[in-house]
Amino acid sequence: MPPPLRQREPTEDTDINEVDFPEFDKKIGHAPRQLLTGTCGHPTLYHIQCGFPNSTKEECHNLGCCYTSLSTCYHSLPSEHQYQSVQSEWRNGTLLTPTRNQTPYHKPASPKIFIHLRVLNQSRIQLTLDTTANQPDTTSSDQPISTVNAGDLQAKIYSPTFFVEVSNVTAGEIIFSTARGPLVVTENFFEWTLHLGVDSMFGLGEAVLEPGRKYLLFNSQNASAVPAVMGYNLQSQQYNGVVFTTPGLTEIEIVRSRLIVVRSQFTGSFQLELLSGPSPADLHRQLKTINQNQYRPPFWAYGVHVCDHARNASVKTVREDIQRLINSGVMFDSHCINDDLFWLSDPPAIGGELEQTILLLKGRISFIGTPICGNARDNVTEELCIRWYQFGSLLPLFKVSSDRTANRFSKFAERIMHATIRNRFALIEYFNSLIVTDSAYLRPMFYHYEEARNYTAELWEQFMIGDSLLVVPVLLPQMTQIDIYFPEKFYELWAGEELPQTKDRPLSYTVVESDLPIFIRPGRIVALREVLAELISVDDVRLQPMHLIGALSCPRATSCTSTGSLVFVEGFEVRFHANLNEVFELYSDINTK
C-alpha cells in the first residue's frame, strides 16, 4: 500500500486549507455524500495532471482543478471529472453521465457511458467501459448490486459517483481501485486513473516500472509488450496485476504514488481485466488465459537467420553471401533481403513461415528475439558483438544482419560466436519445450524465489529460463567481474562447478570474453543435443543424440533426486528422473487428442 501520508506545508496559492488523510489508503472517495466535492490538500505525490501542461491559474480553476505556485494544474481528490449514475442504485450496465460536460482537454465529455463488471472466474474480474449498453453480463442488470464476490476477491461498486474497489478478502488488502483520480471520456480520447495497491511494479516489457515514467503502447495487434502492469504488495506478500485492451495508441504513466494513469485513443470501448495472482506463476497463468500463444514454430525457425539490410541488396548479392557463409562453415538456416525475400537452407522456400516468424519479433507472442549486434546502422565493437551473440543465443529467435555474421570478425571472435551458436543448439530442445507448452520463457528471479524481489532492481541482468536454468549474460564490454545472486546452491551447466547460496550479498563471479554464465538448479535435469562442429543448420542438430545433465536436490542426506521433461511436439512428452543410485527412469506420455 502507499506510504503513510503527512500534511503538506501550505503555499501562497493554495485555495483550500491543507488536510491530513489518516485513512487515505482505504477510504478516499467513499464518504457518504451525494455531491462530489474534492480537496486540493492531498500530498504532491498523489497529484494527477489536469489537462494540458502550462495552464494558467484561471484556466486551471475553470477546469475544476487545483493550482499551485509551481504552475502545475492537478485534479482534486476526488476529481471533479467523473461519471455518475442517473439512478440512486447501481446496476450492471446502468447509464452513467459526466459530472462535468467539458473535459480538462477542452473537448465535450461523452454524454453517456456504460460500465459492465463481469466475474470471469475465481481469480479474474473484467471491467468494460462502453458507449453502448449491449454487453453480455454474468450479473443480472435488472437487480441493484453493490458487492460482487469471486473466490477471495470482493468487488464493491460505489454510486451515484461511480467507483470500483476490489479487495482480497483473505489478505484484507485493497488490490484495485478507480477512486484516486479522474475518469475522462471524449469521442476519441480516454483517461482513467487506477490503483493496484502494490509497492513495486513490473510489466510492459520492463523488469521494474519506475514511478515518474511514461510508457507507450501502439495497439493490441503489434505492441512490443503485453499491455499488463503487475506488482508486489510488501504487507500481504502477494502479487496482482491489470491487463488493458488497447485498441489504439496508449500511454501508461506511473506517477510517484504508483498510481497508473491510462490515456488512450478511444473507439467506443475500453476493457481491463484484474488478475489476482497471488504468486508470479499464478499471474502468468492468468495472463496466458487472456493472451494465448497459438503459434507453434517449425523447428528450423530456431536456427540462425541472416538478412541483408543494405539499400543496394539484390538476389545476386544475397546468393554470393550465401556461398561465402557455406564456404566459411557458418551455421545458418535462412537468408533474406530486408525481411522480404527468404532463402531457406532446409526446406527451400520463399517467404511463408519465416516471414511470419520474423514479424513475430515485433509482436506480443513468445517467439521473439533481438537483432544480433544491433541494426546495420549501429556501430558496435567486436567485443560487444560477442556479448550480443551470447545474449541473443538464449532467445527463441536468432536473427543477424549479413554484415554481422561470424565470418565478418576476427578468428578469435569467430570461434567464440560459433561456440555460442553450438551451445544454443545443444539447448534447443529445452527452449522448444518451453515454447510448445506456452510456458513462461524468461522469468525474473522472484518468479521462483520470493526473497529475490529484494534484488530485482539491482540485479535485473540475471533471470531464469524456464524453471531449470539461471542465466547471467554479460551485457557490457571489458567486464571481468559480475555480481550474481544465488538463492540456493547452483551448478555451472557445462563444467559442474558448485556455486554456494548467497544470503546477504551477491557473489562476485569472474568472467572472460568467451563466458556466458549458465547454471542448473538443484533438483532439475536438462537434456542437451550433442552438436558437432561440422553441422550448419538446426535441422541437422535434431538428428543428433541427446545426453542428460542433472543436479541432485538432497533435502536429506539419503534422499537425493532430480527430475526433468521435454515436450517435442504437443502431445508427446518425455520425462526424466534420477536418484542417488544414478538410475534414470525415462517414460513418455503421448496425448492423441
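**Exercise 1.** In this predicted model, decide whether Tyr-389 is buried or exposed, and then describe how its ring is arranged relative to that of Phe-398.

*Solution.* The relative accessible area of Tyr-389 is 2%, and because buried means under 20%, Tyr-389 is classed as buried. The next step turns to Phe-398, whose relative accessibility of 0% likewise places it among the buried residues. For the arrangement itself, a pair of aromatic rings is described by the distance of the centres and the angle of the planes. Between Tyr-389 and Phe-398 the centres are 5.6 Å apart and the planes make an angle of 65°; since planes over 60 degrees apart count as edge-to-face, the pair is edge-to-face.

**Exercise 2.** State how many aromatic pairs the model holds, which residues form one cluster with Phe-190, and which residue lies over the face of Phe-299.

*Solution.* The count of aromatic pairs comes to 18. Phe-190 belongs to one aromatic cluster together with Trp-192, Phe-244, Phe-266 and Phe-270. Over the face of Phe-299 lies Arg-542, at a distance of 3.9 Å from the ring centre.

**Exercise 3.** Work out the order of the strands in the open sheet that contains β11, and find the bridge partner of Val-184.

*Solution.* The open sheet is built from five strands with antiparallel pairing, and their order is β11-β12-β18-β17-β14. At its edges stand β11 (183–185) and β14 (213–217), each of which pairs on one side only, while the twist from one strand to the next averages 15°. Turning to β11, its antiparallel pairing with β12 (residues 189–194) runs over three bridges, and the partner of Val-184 is Glu-191 in β12.

Conventions:
Residues are numbered from 1 along each chain as its sequence is written. This is a predicted model: local features need pLDDT of at least 70, side-chain atom pairs count only at pLDDT 80 or more; totals for chains, interfaces and linings use all residues. Side-chain values use heavy atoms; hydrogens and water are left out. Two strands pair if DSSP finds at least two bridges between them. Helices (H or I, at least four residues) and strands (E, at least two) are DSSP runs, numbered from the N terminus. Axes are lines fitted to C-alpha atoms, for helices over the stretch in contact, and angles run from 0 to 180 degrees between N-to-C directions. Rings of Phe, Tyr and Trp (its six-membered ring) pair if their centres lie within 6.5 Å; planes under 30 degrees apart count as stacked, over 60 as edge-to-face and the rest as tilted. Buried means under 20% relative accessible area, exposed over 50%, partly exposed in between (1.4 Å probe, protein chains only). A charge sits over a ring if NZ of Lys or CZ of Arg is within 6 Å of the ring centre and within 35 degrees of the ring normal.
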